[in-house]
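Load the model in your viewer and keep a selection prompt ready. The stops below go from one strand to its partners, and then to the cysteines.

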Amino acid sequence: LTSLGQLGGRRGRSTDDRFKEAIVSACTRLAARREGALIVLEGKTPLAETIASGIPVQARTLSAELLETIFSPKTPLHDGAVVLRGERLVAASCILPVETEGTGETHLGTRHRAAMGLSARVPDALAIVVSEETGQISVAREGHMHRDLLTGQLEEWLDRFQGQTVRQGRATWQQFPSNLASWLRGASLSTTLWNLVMAIAL
């Protein structure tokens, strides 16, 4: 599976474009064949528990072929979800929380309910579902299901998600100087108090 993840990747395209193209191409072809899929993109909130529930893959480069192989009905991994961290596929056959009682979406199938459950618990994650019954592509985000997406609409969701991830990364680095300054001030105060205590003791 890892070697399949290294296929593709023509020169001249950005990594983000290849990543998006791999997901869109795989979903489109899986939908055409009515083969179900559940793809989770990790946001700022770590999905360590979800990843631990699955099978490690650690594919360095994502490809449509890898996703299609995993979700082929002939493979033992196809029933669970795959988790993407950054631009890497880190685990397959992952188990997601199925909780949709409070969303009014209890009539949905297992994959859709799992995507809804995860997106309700982890609002900054993005879950993509391909229905094996209808061939429709849907996205679950912040506890809401957006169904029957066209290829262009799926691309827009991925663009928004990638933009959010970039903004969150920048915000973290922007906060670093102030966090470092706070830590240094705290360390300086602790040192001063310790010196005072030692002076009194002497």
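Select strand β5, residues 126-130, and colour its two faces separately. L126, I128 and V130 lie on one side, A127 and V129 on the other, and all of them are buried (under 20% relative accessible area, with exposed over 50% and partly exposed in between, using a 1.4 Å probe and protein chains only). Because five of the five residues of β5 are buried, the strand is largely enclosed by the rest of the structure. Strands here are DSSP runs of E with at least two residues, and helices are runs of H or I with at least four; both are numbered from the N terminus.

This is a predicted model, in which local features need pLDDT of at least 70 and side-chain atom pairs count only at pLDDT 80 or more, while totals for chains, interfaces and linings use all residues. Residues are numbered from 1 along each chain as its sequence is written, and side-chain values use heavy atoms, leaving out hydrogens and water.

Next, add strand β1, residues 37-41, which pairs with β5 in the antiparallel sense over five bridges (pairing requires at least two DSSP bridges between two strands). Pick I39 to find its bridge partner in β5, I128.

Now add strand β6, residues 137-141, which runs antiparallel to β5 and is joined to β5 by four bridges. A127 has A140 as its bridge partner in β6. Six residues separate β5 and β6 in a hairpin, and G135 in the turn has a positive phi of about 75 degrees.

Finally, select the cysteines C27 and C94. C27 is buried at a relative accessible area of 0%, and C94 is buried at 4%. How many disulfides are there? The count is zero, where a disulfide is a pair of cysteine sulfur atoms within 2.5 Å.
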